[in-house]
Structure formats: structure tokens, C-alpha cells
Amino acid sequence: MTKFKILIAIVLLLSLAYTSAWFYGANIVGSELDQLATAGAQPRVSCANRSITGFPFRYDVTCTNAQLVDGDDQITVQNVKATIRIYSPTHVIAFADAPIYWRNDFTGSERELEFSSLQLSARLNWSFDLERVSVIAQDIKWSDSLITPIELANAKNIEAHLIATQNADNGLQAFFRITDANLIELNTQNANLAIELEATALDRNVMGWQYPRLLSNWQRQGGELIVHALDFSAKDMRFTANGALKLDAQGQLNGQVTTQSKGLVELFDPEAYGLLAPTIFGLANADGEYKSLWQANAGTVSIGVAPLFFVPALF
């Protein structure tokens, strides 16, 4: 009987210790969120109502009427719920309820984003190296909501993934996809977009992600942004691109990207550019496809020998 009482006492003590640890962790999570809501935070993130539940195995953070303020931009989300499991504290899963409102106080513009579902997943390892970030949204509608809501675009699905490069100590790969999109203002229907990028030699430790140091360190490591594929298609229209870009020691953009398009150049009325049209747009082949070489040299972006614009130094 004495051994049984000792066992019960140990179980109670362990339960009490675990419970105390859980509430201590909840207090830390709450304190970190309070820091984000202070007046000096940039950006400032706040909740009209907030709760932390999920005992004993999770932290479920629910934020009602979440608001993010960054300069003149203000984003409001009806409800956000994030979950962190006790046994996997570097993995967060979050969900948001529609709609999301965006407003810019400087321009006075207002936008509204509606969707049937929106979820985010982010995972780090124990050294705080990014392993994966994913965002997936379904049945999206983007509208101008300044006076009367005016639909600007919609899509069946949008997904974005940022993944640690496999079998490498550094570097990240990015995948982005939009399916069945309609751009109302551009009268573009049934559009699909797929992008595959890779940032070689990029430090994956998020604790060191501070601009501009992140880019300058990336440049010193010889990092490149490789455009493995960019594929856009819509009704009677197609555009593809691939190439590689990098920064020099002064933070200026350099590299080459090759593009190929069909049904897109005609939207710009190439005849209006006269003798410069072949230089800017290239020449169409027998199938009506245009191929162009975009080059960046010390920040100056050109097509062929025709300079188009200048990208300022990035660090």
C-alpha cells in the first residue's frame, strides 16, 4: 500500500510539474504576442480578442480581428488560429477565416481578399534552420472595396512552398502555383502560373535573416537565384522563362533570363515601336513565338541592346 501511495504521489507531482510547465509556456507565448502589439513594434500585430488553449499537448492561439500595421499599410483578418504541438515546438500550423482587408492610408486604396480556405505551415529544425514553409488557399477572389466591391481577379487555387534544398547544407527552393485564374481588368481567362526558383548558398538559419546583411552574406558565398522554370498560360497566350541572376560586390543585379512567348507581344502593339520592335520583342518564328534574352549588367536591365530600366543596389 505504501508503494502505491508513493507511485500516486509521483504521478501527481509529475502532473503538477507538467501543468506548471504548460502554463509557463503559454505565458511566454502571450508575452511574445504582447511585444508584437506594442506601439513601437514594426510591424505591429494586435488582436481584438486573444486566447491560448490546447492543454495538455498543444498551444492553440486564437486571434479575433487580427490587425497588422506596417507604415501606411493596414491588414485586418477576421480570425486567425495557430497551433504548436508541445513535442514539436518549431512547427506551427495556422488557419485564417475570410475576408482579409487591406488598406493603404497614403493612397486611400482598399482591397478585400476572400477565400474558402487558407492555411499555413512552417517548420524549422532545432538549430532554427528553415526546413519548409507552405501556404495554400482555395477559391480566391480579389476585389477593390473602396466604395462598392469590384472584383479584380479570382483563382481556384494558389499555393506557395519554400523548402530547404535537399542534400545541401544551405540554399532554398521556392515553388509557386496559381490555377484557373481570371484577371478581370486584363480580360485574361483560364490563366495558370507555375514558378520554380532556387537560391543557392543562402543561409537557412532564420535568426540571421536581417536585411541587408542576408543579401550581402549571400553574395559573398557566391549565391545565385536560378529560375528553373516560369510558365504562364492563358487563353491564346503563353509565356515561359528560365535563367540565373546574382548580385555583385556592390549589391547590383547581374545575370541573364531567356523568355519565350506567344500571344503576349501583340498586346503591346509592336508596330508602334518601329525599328526597335525586333530588338525589344525579338522576331516571331513560324509558329508565332517570340524569344528574347533579358540581361542585367550592374543593375541595368536590357533586352538585347535596348536598356529598359535600372534596379538600385540591393545592399
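**Loops, a surface patch and unusual backbone angles**

Student: In this predicted model, which residues is Phe 128 in contact with, leaving aside its neighbours within four places in sequence?

Tutor: Phe 128 sits in the loop that links strand 7 (117-124) to strand 8 (130-144). Once neighbours within four places in sequence are left aside, the residues in contact with Phe 128 are Arg 204, Asn 205, Val 206 and Met 207.

Student: How many Å apart in space are Phe 128 and Asn 205, C-alpha to C-alpha?

Tutor: Asn 205 is among the residues in contact with Phe 128, although 77 residues separate the two in sequence. In space, taken from C-alpha to C-alpha, the separation of Phe 128 and Asn 205 is 5.5 Å.

Student: Does Phe 128 count as exposed, partly exposed or buried, and at what relative accessibility?

Tutor: The partly exposed class runs between the 20% limit for buried residues and the 50% limit for exposed ones. Phe 128 therefore counts as partly exposed, since its relative accessibility is 38%.

Student: Is Tyr 87 buried or exposed?

Tutor: Tyr 87 has its place in the loop between strand 4 (73-85) and strand 5 (88-104), and it belongs to a nonpolar surface patch that also includes Tyr 18, Phe 23, Phe 55, Phe 57 and Ile 86. Exposed means over 50% relative accessible area. Because its relative accessibility is 59%, Tyr 87 counts as exposed.

Student: How much accessible area do the residues of that nonpolar patch have together?

Tutor: The patch on the surface is formed by Tyr 18, Phe 23, Phe 55, Phe 57, Ile 86 and Tyr 87. Taken together, the accessible area of these residues is about 640 Å².

Student: Is Gln 74 buried or exposed?

Tutor: Gln 74 is found in strand 4, and, not counting residues up to four places away in sequence, it touches Gln 67, Leu 68, Val 69, Tyr 101, Trp 102 and Arg 103. The limit for a buried residue is under 20% relative accessible area. With a relative accessibility of 16%, Gln 74 therefore counts as buried.

Student: What is the nearest side chain of opposite charge to Asp 248, and how far away is it?

Tutor: Asp 248, found in the loop between strand 13 (237-247) and strand 14 (253-262), is buried and yet has no salt bridge. A salt bridge would require a distance within 4 Å. The nearest side chain of opposite charge is Lys 246, at 9.6 Å.

Student: Which backbone nitrogen does the side chain of Asp 248 reach at 2.8 Å?

Tutor: A polar atom of the Asp 248 side chain lies 2.9 Å from the backbone nitrogen of Gln 250, so that distance does not fit the question. The backbone nitrogen that the Asp 248 side chain reaches at 2.8 Å is that of Gln 252.

Student: What is the phi of Ala 298?

Tutor: Ala 298 is one of the residues that Asp 248 touches, and it lies in the loop between strand 15 (289-297) and strand 16 (300-303). Most residues other than glycine have a negative phi. Ala 298 is not a glycine, yet its phi is positive, at about 55 degrees.

Student: Which residue does a cis peptide bond join to Ala 98?

Tutor: Most peptide bonds are trans. The bond from Gln 42 to Pro 43 is cis, with omega near 0 degrees, and a cis bond with omega of about 0 degrees also joins Ala 98 to a residue whose place is in strand 5, namely Pro 99.

Notes: Residues are numbered from 1 along each chain as its sequence is written. This is a predicted model: local features need pLDDT of at least 70, side-chain atom pairs count only at pLDDT 80 or more; totals for chains, interfaces and linings use all residues. Side-chain values use heavy atoms; hydrogens and water are left out. Patches are made of residues with over 30% relative accessible area and no salt bridge: like charges are joined within 9 Å, nonpolar side chains (Val, Leu, Ile, Met, Phe, Trp, Tyr) within 5 Å. Accessible areas come from the Shrake-Rupley method with a 1.4 Å probe; for residues, only the protein chains shown count as cover. Helices (H or I, at least four residues) and strands (E, at least two) are DSSP runs, numbered from the N terminus. Buried means under 20% relative accessible area, exposed over 50%, partly exposed in between (1.4 Å probe, protein chains only). Contact means heavy atoms within 4.5 Å. Lys and Arg count as positive and Asp and Glu as negative; His and the chain ends are not counted. A polar contact is a pair of N or O atoms within 3.5 Å; within protein, one must be able to donate a hydrogen and the other to accept it, and residues adjacent in sequence count only if both atoms are side-chain atoms.
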